[in-house]
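Colleague: Got a minute to walk me through this model before I head back to the bench?
Modeller: Sure, let's pull it up.

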Amino acid sequence: MSNSEPLDLRLPTPGCYADPERAGIDADAVFDGMTEHLFFTLGKLAPTASLHDLYMALSYAVRDRLMTRYLASQEAIRARPQKTVAYLSAEFLIGPQLNNNLLNLGIQEEAEEALKRFGIESLSHILEVEEEPGLGNGGLGRLAACYMESLASLEVPATGYGIRYEFGIFNQLIRDGWQVEVTDKWLKGGWPWELPQPDEACFVGFGGKTENYIDEKGNYRSRWIPSEHAIGIPHDVPVLGYRVNSCDRLRLWRADATESFDFYAFNIGDYYGAVEEKVGSETLSKVLYPNDGTDEGRRLRLKQQHFFVSCSLQDMLRSLEKRGIEIEEFADHWAVQLNDTHPAIAVAELMRLLIDDRHIEWEKAWEITNRSVAYTNHTLLPEALEKWDLELFNSLLPRHLELIYEINKRFLQQVRLRYPGNDAILRKLSIIDEEGGKAVRMAHLATIGAHHVNGVAALHSDLIKRQLMPEFAELWPEKFTNVTNGVTPRRWIGLANPELAKLLDQEVGPDWITKMELLNNLERREYDEGFLEKFGETKLCGKRKLAGYIHRQTGVLVDPSSMFDVQVKRIHQYKRQHLNGLQIITQYLRIKNGQAHGIAPRTIIFGGKAAPGYFMAKLMIRFINGIAETINADPDMEGRLRVVFLPDYNVKLGEQVYPATDLSEQISTAGKEASGTGNMKFAMNGALTIGTLDGANIEIREKVGAENFFLFGKTESEIMELRTNGYQPKEYIENMPELSEAIRLIELGHFSNGDGDLFLPLIDNLKTNDPYFVMADFADYLRAQDNVSRAWSNRKEWNRMSLLNIARSGFFSSDRSIREYCQSIWKVEALPVEITCDVRK
C-alpha cells in the first residue's frame, strides 16, 4: 500500500463539497438534521412521526454527513488519476446501512442522544425498522460487501458494480415445517442510501444481427445491430471507510425501457401493448437470480449478466473520456475484478466496445482486456460453473459469440503449438463445450481473458489447479494464485458484538478494529480467571439477546446457559445439514435410552434458505423442523436438548447469531466448500469450530491451533479414493448400530407425524448414493461431538479456547485479503483524502 501524501481538497466556498449546516457530527447537529428532513423531505411533524419516519430522517441526516467525504473522494480521482478497482458482482449482500455508517463516522452515541429528544430511548428501536437490502443471497454477495467496506477503510479508490434488484431472492416463511417463499419487497418503504444518477444512463442491446462494412479509412469492420434495447440507470450508494475520509461507491444499475409508453397502442385499445416494452426491459432488474429451471429463466439470467456488465464497462470507458485520458490507457486506470463467472461476459463485451465502438485493433484490444481483467473462482461444483447453450447465447448476443469464437480460435492455436497433435486437450480447454448440446463455458472465457485467476482458500486454490483446471494451470502457472477470503471486523464484531468490542478496546486498545493483529495480545490473558469470567459474560449477554429473539419469533424457550450449537448457511446437500440432523437424533435416542451421562445440554440452531427449485434442500428444512417439533415437545428433553430453525436468515439476523454461538458447525464434505466466511465470523466472536478439512477450515485450524478445533471426517484425498473404489454407504450404516437406529426411526415416521414416506427421498439417497459421504463421516462426527460435550463440562477451559480463537483470528480480516489483492493482483495503491474544511463553523 502507498504511503503517499494525502490529497488536500481545499473548499473555498461553503457548499462546494461540504455544507457546514449539514456536516456537523455532534448530537445537536444530528438532531437538527433529523428535524429538517422530517419536515422538508418527509413532510412530517415530530409529534406524529412514526418509527419508520424517524429511521428515514436519521438516515437522511447521516447521508448528508457522508456527502462531504463521498464527493471529495470522487474529486480526488479526477484531480489525481490513478488505478481504481472495479468490483463486478451479481450480488452485494450489504446488510442494513444505518448503524454501519454511524459506526464508521463515530457518531453512534450522538445519534442515540438525538433520538432521545424525539422520545426514543434506544437506537436499537430505530435499527429494528430498517429493511435488509435485497441485493444478495449468500457468501458470494456478503464477501463482496465486506471487500467494498475494506477497500474504503484502506482508502483504496473503488467502485462496486452490480444490479439494483427491485425484489430480493425471497423472504422465507416456515409453514408446517416447509419453506415457503414470499416476495422480498425491500424497497417498499423507500431506501435513503441511494443517489440516482439518470444523466449517466447507458444503453444496452440484445438480439438482432451483425453486419460487416468498410469504414471511412478502408478498414474491414463488424457492427452489431441489436433488435432490443434497455437503459441502465445508475443508483450510487456511498461506501464509507472506518474513521477515514475515503468514501467509495456501489453503483447499481436499474433497467428502464427506451420508450416507456406507446401512445398509439394505448389509443387503439392495446393497453398491455402500450407498456409491453417497459415491462420487458424493467424485468432485467426485478429479481435476484430468476429461476433458471426454464428457458425463459435462463434467458433472463443471461440478459441480466450482460446488462450490468455492459453498463459498467461503458461507465468505465466514459470516465476516462471525461477526464481526457486515452482509451488505450484503460488498464492503467481500471482493475476489473470478476466475482465468479456471473460477470465473465465482460471479456467479450470489453473487446466489443474497444474493437467495434472505439476501432482499436484486435491485438491492442486484447492486451487492454487481459491487463485489466482478473477472475475469482468461487466453486468447484460443476452445476455452479456457468455454461450457456449456444443457441440461446447466439440469439441474445450474436456479436459476442463471434468475438468468443475468434478468442477461442487464437487461444487454441497457442494450445496446439504447446501440445501438438493432442486433440483431447483442445476439447478440454476450448471455450466452446462440444459434448452433448454445444455451450459457452464462462469459466474458460474468464480464465483465458484474465491476467490472474484466484481461489478463495488454500485448499480451494490447490484444487482449482489439480482438479478443476489442471490443463490451464499447466499452460499458465503464473496466472493462478490464492487469496483466502476475509470478513470485516467492523460489522461482525464492532456492530454485531458491542459488548465484546468494548472489552477488546479496554484490553488491547481501540485500534484492533483496523489492525486485527493486535488481538494477539489477548493471549496473555488466557489463564487470567478474572478476565475469562468477564469474557464469558460478553458471550452470555449475546446468548440472552438471541434467546429472546428465538422466543419472540418461534415461541420456543431456550436456556442461555446451554451450549448454543449453530449451523447457519445456505441449505445444500454438500453443506450437510442432514448429517447434523442425524447426530441430533442419535443424541435424542441416547437420552431416551437412559444414556444421557456426559451429554452437554444443547440448543441446536439452524438457519438458511433453500433455492426454490431445489427439492432435496427443501426436504432437509422439513427434516430439521420435524426433528425440532418432536424433540421440543418431549418432556424428557427438558434442560437437555432443544432444536430451533430460524426463518429468513440474513445479515441482520446474523448480527445476533454470531456473538451468541458457542459451537460453529462447518461440516461440509472435504473438497466441496470453496472457503466459507461464516466460519471466520464465528471464530472472531469466540465460537469453537467442529469441522472437516474443507475450505478455510484448514487455515482456521492452523491459526487458532489444532487443540482449539474439533476436527472430524475424511480428507479430500480420502473422499476421492472412496469414490474411485466404489463407495458403498450401506456398509457404514450396517456397522454403526446408532446410525441404523436413527434411520429406522425416521423411516417409521417418528419425526413426520407417522408419515413414513415423507423423508424417504432423503434416506434412500443416503443409503444408495450418498453423493456427499454423510454415512462415511458419521461415526467420526459423533466422536467429535462427544469430545465437544467433554470440553463443555470445563467452562473455564472452554472460555480459554474461545479466547484463543479470537486472539488468533486476525488473519481472517477482509483488510488482509484486500491488501493481498492490491499488492499481488490489482497493483493498486491507496489514495488518502484530506478535507480541509471546518464543518463546525
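What follows is a chat about helix packing, nonpolar cores and two loop residues.

Colleague: Before we start, what kind of model is this?
Modeller: Keep in mind where the coordinates come from. This model is predicted.

Colleague: How are helices α12 and α15 oriented to each other, parallel or perpendicular?
Modeller: Take the axes of α12 (residues 346–357) and α15 (residues 398–418): they come within 9 Å and cross at roughly 100 degrees. Angles of 65 to 115 degrees count as roughly perpendicular. So the relation of α12 to α15 is roughly perpendicular.

Colleague: How many of the residues in the contact of α12 with α15 are nonpolar?
Modeller: On the α12 side you have Val-347, Ala-348, Glu-349, Met-351, Arg-352, Ile-355 and Asp-356, and α15 brings Arg-399, His-400, Leu-403, Ile-404 and Ile-407. Sorted by class, one is polar and four are charged, and the nonpolar ones number seven.

Colleague: And α13 with α15, which residues of α15 make that contact?
Modeller: Here the axes come within 13 Å, crossing at roughly 90 degrees, and the two helices are therefore roughly perpendicular. By class, this contact has four nonpolar, no polar and three charged residues. From α13 come Trp-362, Glu-363 and Trp-366, and from α15 come Leu-403, Glu-406, Ile-407 and Arg-410.

Colleague: Which helix gives the largest share of the largest nonpolar core?
Modeller: That core has 151 residues, and Leu-58, Leu-88, Phe-393 and Trp-826 have the most contacts inside it. The largest share is eleven residues, and they come from helix α3 (residues 51–79).

Colleague: How many residues are in the second, separate core?
Modeller: Among its members are Ile-624, Ile-631, Leu-739 and Ile-743. The count for this second core is 64 residues.

Colleague: Which residues of α15 does Phe-393 touch?
Modeller: Leaving out residues up to four places away in sequence, Phe-393 touches Leu-302, Ile-345, Trp-388, Pro-398, His-400, Leu-401, Ile-404, Val-440 and Met-442. Helix α15 covers residues 398–418. Matching the two gives Pro-398, His-400, Leu-401 and Ile-404.

Colleague: Is His-359 buried, partly exposed or exposed?
Modeller: His-359 sits in the loop between α12 and α13, with phi near 55 degrees, a positive value in a residue other than glycine. Its relative accessibility is 30%. Buried would need under 20% and exposed over 50%, so His-359 counts as partly exposed.

Colleague: Where is Asp-648 found?
Modeller: Asp-648 isn't a glycine, yet its phi is positive, about 55 degrees. Its place is the loop between β21 (641–646) and α25 (651–660).

Definitions and conventions: Residues are numbered from 1 along each chain as its sequence is written. This is a predicted model: local features need pLDDT of at least 70, side-chain atom pairs count only at pLDDT 80 or more; totals for chains, interfaces and linings use all residues. Side-chain values use heavy atoms; hydrogens and water are left out. Axes are lines fitted to C-alpha atoms, for helices over the stretch in contact, and angles run from 0 to 180 degrees between N-to-C directions. Helices (H or I, at least four residues) and strands (E, at least two) are DSSP runs, numbered from the N terminus. Angles under 35 degrees count as roughly parallel, over 145 as roughly antiparallel, 65 to 115 as roughly perpendicular and the rest as oblique. Contact means heavy atoms within 4.5 Å. Ala, Val, Leu, Ile, Met, Phe, Trp, Tyr, Cys and Pro count as nonpolar, Asp, Glu, Lys and Arg as charged, and the others, Gly among them, as polar. A nonpolar core is a set of buried Ala, Val, Leu, Ile, Met, Phe, Trp, Tyr and Cys residues joined through side-chain atoms within 4.5 Å. Buried means under 20% relative accessible area, exposed over 50%, partly exposed in between (1.4 Å probe, protein chains only).
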